[in-house]
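Reader: Hey, could you take me through the surroundings of the ligand in this one? I'd like a close look at that part, and then whatever you can tell me about the fold around it.

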Amino acid sequence: MTAILMKGKAVADVIKAELIERIRTDLGGFAPTLVAVIPAGESESDYYLRSLVKSATECGINLLQKVLPSDATANDYRFVVGSSGMEQSIHGILVMRPLPSSVDTDAVTAVIPPEKDVDGVTAGNMAALYLEKPRLVPATAVAIMSLLDHHNVALQGTRAAVVGRSRTVGKPAALMLLSHHATVTICHSRTLDLASVLAPCDVVVVAAGVAGFIKPGMIKPGAVVVDAGFNVLPDGAVMGDTDPAVEEVASLYAPVPGGVGPLTVVCLLKNLVEAAIQQTKG
Ligand code: NAP
């Protein structure tokens, strides 16, 4: 079997067209503004940032980049985030992760106003997802679900596994699969015998940050596999968490590059436009 590839760009183009239309109609052509708070020299975020700049420009969204020096403290981050939060002209705040290890990420996240939390990382927005009343949901999880939805994957009754339990990808993806009535297993670095956990799964979502470690033999033939991993190899090439040969056993496969990645920034911008609409109503 060779899988049908789930390409993020096709879905991203549809969403971008919707955003342009919503800015025209729901915001009266008024361009919403996103602030990206960026730790200096964070090369892992570079790809994401380039893609964000491109998509924001295409949609007519203002993107303000606030780069903090490598010796910035948690208080410096809190000041920038807090003051952006008070600006009426700013509709969304994205704090690019990872922050330097000396900075307490939770302390910085705590000062993002929930209504401007376009990456869904504040406690209030996480709780809303947990309580099945989602507001602003982490963009990568939304991108994963959008790909499945676009390809009409019927999740109800399926056995699904999510490899990775981070707050921003694994856990929200698992909660969203659960809300679509899949039976969900969450795997992590201490899961024993991952292969046997994945073997019966109809849907496998991977977000572990370990290049190529999910092998074709670990996947049930015909399963749907979404790779959200993004690993930059020493030669600069990008690889997901699955071995690309997974394409030979899956029925649908979101590869890296080209699957979840191109969609994530657009889902973040969708959150921004939604946030701006709510703020201008209020
Ligand atoms: P993270 O916070 O480092 O979490 C990684 C998770 O994977 C942890 O829960 C960890 O388990 C688990 N894990 C690590 N090694 C494992 C193994 N050998 N077997 C099973 N589980 C393992 O990373 P993240 O922020 O969730 O990101 C995960 C991946 O998604 C990365 O490659 C990242 O670059 C990518 N990502 C992509 C996008 C996108 O737009 N496509 C956006 C965000 C992130 P423990 O909890 O036990 O440590």
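Author: Here's a walk through the ligand's surroundings, followed by the sheet and two of the helices. Keep in mind that this is a predicted model.

Let's start with the ligand. There are 22 residues around it, and the ones that come nearest are Arg-165, Ser-166, Ser-189, Phe-230 and Thr-264. Ser-166 also makes a polar contact: an N or O atom in its side chain sits 2.5 Å from an oxygen atom of the ligand. The backbone joins in too. Ala-228 has a backbone N or O atom 3.2 Å from a ligand oxygen, and a polar backbone atom of His-188 is 3.4 Å from a nitrogen atom of the ligand. As for cover, the ligand taken alone exposes 920 Å², and the protein buries 69% of that. If you sort the shell by residue type, you get nine nonpolar residues, 11 polar and two charged.

Now for the sheet. It's an open one with six strands, in the order S1-S11-S8-S7-S5-S6, and the pairing is parallel. S1 (4-5) and S6 stand at the edges with a single partner strand each, so one side of each has no neighbour in the sheet. Further in, S7 pairs with S8 (residues 224-227) in the parallel sense, over four bridges. One bridge you can look up is the one from Val-204 to Val-225 in S8.

Next, a helix that packs on some of those strands: H7, residues 170-179. Its buried residues are Gly-170, Pro-172, Ala-173, Ala-174, Met-176 and Leu-177. On the strand side they pack against S5 (159-163), S6 (183-187) and S7 (203-206), and on the helix side against H5 (123-130) and H6 (139-150). If you're wondering about the spacing, an α-helix has 3.6 residues a turn, so residues three or four places apart point the same way. Just after H7, His-181 takes a positive phi of about 70°.

One last residue to click on is Lys-16, which belongs to helix H1 (residues 8-25). Is Lys-16 buried or exposed? Its relative accessibility is 13%, so it counts as buried, the cut-off being under 20%. Setting aside neighbours within four places in sequence, Lys-16 is in contact with Ser-55, Glu-58, Cys-59 and Val-266.

Conventions
Residues are numbered from 1 along each chain as its sequence is written. This is a predicted model: local features need pLDDT of at least 70, side-chain atom pairs count only at pLDDT 80 or more; totals for chains, interfaces and linings use all residues. Side-chain values use heavy atoms; hydrogens and water are left out. A residue is near a molecule or strand if one of its heavy atoms lies within 4 Å of it. A polar contact is a pair of N or O atoms within 3.5 Å; within protein, one must be able to donate a hydrogen and the other to accept it, and residues adjacent in sequence count only if both atoms are side-chain atoms. Accessible areas come from the Shrake-Rupley method with a 1.4 Å probe; for residues, only the protein chains shown count as cover. Ala, Val, Leu, Ile, Met, Phe, Trp, Tyr, Cys and Pro count as nonpolar, Asp, Glu, Lys and Arg as charged, and the others, Gly among them, as polar. Helices (H or I, at least four residues) and strands (E, at least two) are DSSP runs, numbered from the N terminus. Buried means under 20% relative accessible area, exposed over 50%, partly exposed in between (1.4 Å probe, protein chains only). Contact means heavy atoms within 4.5 Å. Two strands pair if DSSP finds at least two bridges between them.
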